[in-house]
Amino acid sequence: MKVDELRKEIENNSLKNVYLVLGEDTYLNNKVKELFWNYIPESDREFNAAIYDMETTSIATAIADAISAPFFSEKRLVIITHPYFLTGDTKKHSIEQDVNELIGYLQNPSPDTLLVVLASYEKLDSRKKVVKELKSKAEIVNTSSLNESEIRQYLIKYCDEKKVIIEKRAIDRLIQLTNANFSKIMNELSKLIIATVNTKKITISEVDGLVTKSLEQNVFDLVDFVRDKKIKKAFELYHELLEQKEEPIKINAILIGQFRLLLQVKILQKHSYDQGSIASTLKVHPFRVKLAMQNARKFSNNSLKSAYLGLAEIEEKLKTSSQNPELLFQLFLTKYAYKKWFFVKKD
């Protein structure tokens with residue numbers, strides 16, 4: 001189920017006994033935790049609501065709480081976080097967990113307790129008995145990253161609830177600047193709502209003025225400047241990043257990754273892969289694939305290959321020599337930007 005479905009269950013007071021919250025999105029995980037926490041009346045929480053971190057607390061302690069009767073309350077809430085024993089994690093932890101405690105509880109859960117297992121992971125190890133038992137007995141809440149369409153719908157609904165108007169172009173820009181990272185989007189949106197408290201309207205100007213560009217976004221701009229032959233702007237932006245104490249090798253690594261993605265997308269498109277298939281094959285967020293598909297059309301295969309190899313050469317020099325990173329980038333850009341084949345729209 002999605003978070004909105006969980007909210008309806010809470011509003012209708014039709015909650016199950018055990019929930020497994022599975023997904024990596026920080027904002028959605030915090031929202032789910034907040035929904036469960038607020039389900040217990042504030043006056044009852046001191047003795048009837050607790051959060052147990054499996055990195056520092058034994059599962060036996062959490063289960064002992066779960067089987068205890070609520071103290072002058074209808075329900076007891078037990079939230080388990082960082083359940084590493086549900087994953088394929090093989091590193092040693094300070095506490096060795098006895099998962100049989102959880103398995104035993106799942107086979108006969110307390111009707112007066114709401115047990116929530118918050119698994120902020122991409123996936124669990126489905127071979128494990130405890131995972132099989134949990135998935136079969138728990139109601140699963142999905143907090144995986146939202147796709148672009150879901151993000152847009154959520155933003156519009158959220159702003160409507162806050163009685164704030166957000167322009168379509170502002171949404172486009174917000175998604176672009178945050179690389180469609182939902183948690184980042186919601187953090188930035190909170191700032192935008194506060195900043196527009198008088199106008200109650202978020203425009204693209206507010207987004208451009210208030211949303212901080214990530215290093216990745218600045219590097220994407222570098223690629224755009226190369227594509228559009230804005231060499232001076234590319235030099236200036238690279239210099240600004242160095243002035244901001246960004247590591248040259250990190251900037252170069254992101255550039256390599258971006259040109260690699262453009263090349264991969266271009267090749268897969270030639271084999272009739274659509275956006276969803278490319279995202280699944282490359283394990284990349286669909287929004288990044290969408291942008292790459294738009295940009296890849298403006299480069300030839302040869303130009304992308306040469307840019308990738310040129311950046312790889314810079315990486316080797318950054319690691320093995322003391323040459324000036326800014327000079328290396330300028331030489332690379334000058335060499336590749338003025339080749340006639342670099343800016344062709346079709347191969």
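**Notebook: salt bridges, rings and helices**

I began with charged side chains and found Glu-148, Arg-152, Lys-168, Asp-172 and Lys-290 linked in a network of salt bridges. The model I am reading is a predicted one.

Within that network I looked up one pair, Asp-172 and Lys-168, whose side chains meet in a salt bridge at 3.3 Å, N to O. How far apart do Asp-172 and Lys-168 sit in helix α8? They are four residues apart in α8 (residues 168–177), so about one helical turn separates them. I noted the general point that an α-helix has 3.6 residues a turn, so residues three or four places apart point the same way. For exposure, I read 25% relative accessible area for Asp-172, which makes this residue partly exposed. Lys-168 is exposed, at 61%.

I then took the count for the structure, which comes to 18 salt bridges. One of them joins the side chains of Lys-157 and Asp-4, at 3.6 Å from N to O. I checked where the two partners sit: Lys-157 is in helix α7 (residues 148–161) and Asp-4 in helix α1 (residues 3–11), so this bridge links distant parts of the chain, 153 residues apart. Lys-157 is partly exposed at 45% relative accessibility, and Asp-4 is also partly exposed, with 28%.

I looked up Lys-213 next. Lys-213 forms a salt bridge with Asp-221, and the closest N and O atoms are 2.5 Å apart. Is each partner buried or exposed? Lys-213 is partly exposed, with a relative accessible area of 34%. Asp-221 has 11% and is buried, because buried means under 20%.

I moved on to the aromatic rings. A search of the whole structure gives eleven aromatic pairs. In one of these, the rings of Tyr-238 and Phe-329 have centres 4.2 Å apart and planes at 5°, so I entered the pair as stacked. Tyr-238 belongs to helix α12 (residues 231–243) and Phe-329 to helix α17 (residues 325–337); the pair links distant parts of the chain, 91 residues apart. Both residues are buried. I also found a cluster in which ring pairs link Tyr-27, Tyr-154, Tyr-158 and Phe-182.

For the surface, I noted a nonpolar patch formed by Phe-47, Phe-71 and Phe-72, with about 410 Å² of accessible area together. Phe-72 lies in the loop between α4 (59–66) and β3 (76–81). With a relative accessible area of 74%, Phe-72 is exposed.

I checked the record for a domain. An unreviewed UniProt entry carries the annotation "domain: DNA polymerase III delta N-terminal" for residues 19–142. Over residues 19–142 I read 35% helix and 21% strand, and the end C-alpha atoms are 11 Å apart. I also looked at Lys-135, which is placed in helix α6 (residues 129–137). The C-alpha atoms of Lys-135 and Leu-20 are separated by 7.4 Å, although the two residues are 115 residues apart along the chain. Lys-135 is partly exposed, at 34% relative accessible area.

My last entry is on helix α16 (residues 301–320). This helix has 20 residues and reaches 29 Å from its first C-alpha to its last, close to the 28 Å expected at 1.5 Å a residue. Which residues in α16 are buried? I listed Asn-301, Ser-303, Leu-304, Ala-307, Gly-310, Leu-311, Ile-314 and Leu-318.

Key. Residues are numbered from 1 along each chain as its sequence is written. This is a predicted model: local features need pLDDT of at least 70, side-chain atom pairs count only at pLDDT 80 or more; totals for chains, interfaces and linings use all residues. Side-chain values use heavy atoms; hydrogens and water are left out. UniProt positions are given in the numbering used here, feature names are shortened, and annotations may be inferred rather than shown by experiment. Helices (H or I, at least four residues) and strands (E, at least two) are DSSP runs, numbered from the N terminus. Patches are made of residues with over 30% relative accessible area and no salt bridge: like charges are joined within 9 Å, nonpolar side chains (Val, Leu, Ile, Met, Phe, Trp, Tyr) within 5 Å. Accessible areas come from the Shrake-Rupley method with a 1.4 Å probe; for residues, only the protein chains shown count as cover. A salt bridge is a side-chain nitrogen of Lys or Arg within 4 Å of a carboxyl oxygen of Asp or Glu. Buried means under 20% relative accessible area, exposed over 50%, partly exposed in between (1.4 Å probe, protein chains only). Rings of Phe, Tyr and Trp (its six-membered ring) pair if their centres lie within 6.5 Å; planes under 30 degrees apart count as stacked, over 60 as edge-to-face and the rest as tilted. The expected span of a helix is 1.5 Å times one less than its number of residues.
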